[in-house]
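Here are some notes from going through the model, point by point. Have the viewer open as you read, and start with the second chain.

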Amino acid sequence: MIEKSYDVVIIGSGAGGGTVAQALGPLARDGLRVLVVEQGPRLQDHEFTGRELDMADSLYEDGGGFLTADGTMTLAFGRVYGGSTVVYTGTSLIAPERVIRRWGVPGLSYEDIERRSRKYMAENNVHLLGPEGINENNRLFVEGARRAGYPAEQFPVNVKGCKGSSLCNLGCPNGAKQGTNRVQLPNAERMGVEVVTRAEALRIEERAVVVRVTERPPGGKGLPSEWAPGEYRIRAGTVVVSAGAVGSPALLLRSGVGRMLPRLGQGFTCHPAHILVAEHPREITNDVGHPKSYYVDRAEEEGYVLETCMYFPFTTAKNMTGFGAEHSRFMRAFPRLQMILVLAVDEAVPENRVTVDRAGRPVVHYTFTAETIERLVRGTRASAKIFFGAGAVRVHAPSADPTTIEAADAGRVDALISSRHFKPGKVSVSAAHLMGGCAMGRDARDSVTDAWGRVHGVPWLRVADASLFPNALAINPYLTIMALADRVAEGLRAELGAPAAEAAPGGVS
Amino acid sequence: MSDPVLPPLRAVFRAIARTVVPEAAALDGAAWDELERIVERALAARPPKLRRQLGLLIRMIDVLAVLRHGRRFAALDDGRRARLLGALQDSRLLLLRRGIWGLRTLVFMGYYARPAAAEAIGYRADPAGWEARR
């Protein structure tokens, strides 16, 4: 085992780890030894090809199809330099005030989250796209929502020089999306933070992290690791865990931290989602342009959010329910397809949690509660009304039997779409907003960390990612992750004796 | 490198694939090879237990066809094949429902991840985005 030593080791390079890395950059410039450990590879610009399997295999854990323990849902999360910020669509919303207040974390205020979120919105060039960048898939959503009586709002997005490839979820081939791979990590590296890729954190020991660095697989994408292959014990004054809502609790559990933290791994939420498709009588622009420009937020009233989306052939086929002639009819209509993503706002419940198997691998236990299923059903009904309001001739609805609803039955969608047709294992459900497992709170009886990400009872260990969320956020989470990570970094900087006014590039302190 | 799953089950797997995606009936030998290569590659990255379960499921489908209709799955007509898989998809047993979900997902991957299939359905996304449409 090769021994190394750093002052701070950050595990993970996504919205959480990348933010902490940049915020510690000024200290690195002054001599603090800061290391980011990333399990995935560092891709070069020309390797973002937009080819579906090619990119999914390179950027996602299990190619984006990580299965929950009972196999009824797939989870998508990034495993690459930049983490899930490489594969999101860049939609940038500030956490709802009601959600932060309901979390009830002592010492965490909505005003603080909002202020920090705005800072990163400015840094990541968050803005509304102009009308020239909006495709018909999105325009039809706005039109259909208006006719169906739902107010659609435009997503602010964090792009710079977007060409409208529609390939955000496969990693932007034009480097337009301002993820941590484009902004925070390069800034951090310029200031002296080290990043080691292809480095899996095996376990955390007392003020140390054991890491395995692997070779680039034959034919694989990305640069070789910065370090030689092998196992390393990296001593660290402070360890910041930012491995995501699956990876962080799993790492802490296999490191034995769970013995004193009974809530570790609990409270996993993920906004379970259906990808819905509808066929129009004419071709529309759908696979060109930013895919996710509008949304309908019914989280507070009905427990769901609808978002425009556009996926790729295999992902689309997989996420529809069923098979055979009806399924094929929709797929053959690809240039005429409109798509909507239905996200259910799920509640944290004790049985939905992350554990590890005997080998230490993460296992996500997730059961759809009756309320979550009802929220998916309500969102599907609303989507069907929006599709038909926009002029669709038929709609694919997973919770209907048969799953195809023709326009002639548009007035009956409330009756045709029902929770009694939601059969786990048959209907396709996926999730990409993974949250919880290392929740913030008061003490070890109700949580894993305090409001600054400090793990209860372990002063040298912090968490900075979506696993901190005590419950579902009800919107796309990356900006809130960055805000929380900014708090974690601020606390760490104060502890390390950095002057409060010292700022990283872009005004980020 | 793990042992491939499909060679001993090729006839029934291809019949399942033709049921899941009816257009697969028109594939030539090279296209089938490409489809199966994609599926095998995905399976190779999965745990051995999952590969064994998939093989068992495919064999079970073949046995069920014999028990219900007196013929191997590949010898059934299109309607009977679809009804048999549909019944398993709607089974009261979660294990069977998720098994069929996984099997059809592999078929979708093998079929639709081929560039020829993407082109055939009119998928045109291009890294150049709007520029590519002008």
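1. A residue counts as buried here when its relative accessible area is under 20%, and as exposed when that is over 50%, with partly exposed in between. By that yardstick, buried residues make up 47% of the 134 residues in chain B. Keep in mind throughout that this is a predicted model.

2. Chain B itself is simple to describe: six helices and zero strands, so to speak α-α-α-α-α-α when read from the N terminus on. Its C-alpha trace spans about 55 × 35 × 30 Å along the principal axes. If you take the contacts in chain B between residues at least 6 apart in sequence, 61% of them join residues at least 24 apart.

3. On to the interface. On the chain B side 36 residues are in contact with chain A, and on the chain A side 50 residues take part. About 3,500 Å² is buried between the two chains, with carbon and sulfur atoms giving 60% of that area. Three aromatic names to click on are B:Trp101, B:Tyr123 and B:Trp130: they supply 21% of the area that chain B buries against chain A, more than any other three residues.

4. How many salt bridges are there between chain B and chain A? The count is six. One pair to look at is B:Arg133 with A:Asp287, a salt bridge whose closest N and O atoms are 2.6 Å apart. Between the two chains there are also 17 residue pairs in polar contact, counting pairs with both residues at pLDDT 80 or more.

5. Which elements of chain B give two or more residues to the side that touches chain A? They are α1 (10–20), α2 (29–44), α4 (78–89) and α5 (94–112). Of these, α5(B) gives the most, with ten residues. Sorted by class, the side of chain B that touches chain A has 20 nonpolar, six polar and ten charged residues.

6. Seen from chain A, helix α3 (residues 52–59) deserves a look: six of its eight residues are buried, leaving this helix mostly covered. The buried ones are A:Glu52, A:Leu53, A:Met55, A:Ala56, A:Ser58 and A:Leu59. What lies over them includes α10 (313–319) of chain A, together with α2 and α5 of chain B.

7. Back in chain B, have a look at B:Arg114, in the loop between α5 and α6 (115–120). This arginine is buried yet has no salt bridge. The nearest side chain of opposite charge, B:Glu34, is 4.4 Å away, and the cut-off for a salt bridge is 4 Å. A polar atom of the B:Arg114 side chain does lie 3.1 Å from the backbone oxygen of B:Tyr111. Leaving out residues up to four places away in sequence, B:Arg114 touches B:Leu27, B:Ala31, B:Glu34, B:Leu35 and B:Ile38.

8. Over all chains the structure holds 54 salt bridges. Take A:Arg487 and A:Asp112, whose side chains meet at 2.5 Å, N to O. A:Arg487 sits in helix α14 (residues 478–495) of chain A and A:Asp112 in helix α5 (residues 110–123) of chain A, so this pair ties together parts that are 375 residues apart in sequence. Buried or exposed? A:Arg487 counts as buried at 2% relative accessibility, and A:Asp112 counts as buried at 12%.

9. A second pair is A:Glu307 and A:Lys292, with a salt bridge of 3.1 Å, N to O. A:Glu307 lies in strand β12 (residues 304–308) of chain A, while A:Lys292 lies in the loop between β10 (273–279) and β11 (294–298) of chain A, so the parts tied together are 15 residues apart in sequence. Both residues are buried.

10. A:Lys385 and A:Asp414 form a salt bridge too, the closest N and O atoms being 3.0 Å apart. Helix α12 (residues 370–389) of chain A holds A:Lys385 and helix α13 (residues 413–416) of chain A holds A:Asp414, so the pair ties together parts 29 residues apart in sequence. A:Lys385 is partly exposed, with a relative accessible area of 28%, and A:Asp414 counts as partly exposed at 43%.

11. Finally, salt bridges that share partners join A:Asp112, A:Arg115, A:Arg116, A:Lys119, A:Asp486, A:Arg487 and A:Glu490 into one network.

Methods
Residues numbered from 1 in each chain as written. Chains lettered and ligands numbered in written order. Predicted model: local features only at pLDDT ≥ 70, side-chain atom pairs only at ≥ 80, totals over all residues. Heavy atoms only, no water. Contact = heavy atoms within 4.5 Å. Buried area = accessible area lost by both parts, 1.4 Å probe. Polar contact = N/O pair within 3.5 Å; in protein donor to acceptor, adjacent residues only side chain to side chain. Helix = DSSP H or I, 4+ residues; strand = E, 2+ residues; numbered from the N terminus. Nonpolar A, V, L, I, M, F, W, Y, C, P; charged D, E, K, R; others polar. Buried < 20%, exposed > 50% of the residue type's maximum accessible area, 1.4 Å probe, protein only. Lys, Arg positive; Asp, Glu negative; His and termini not counted.
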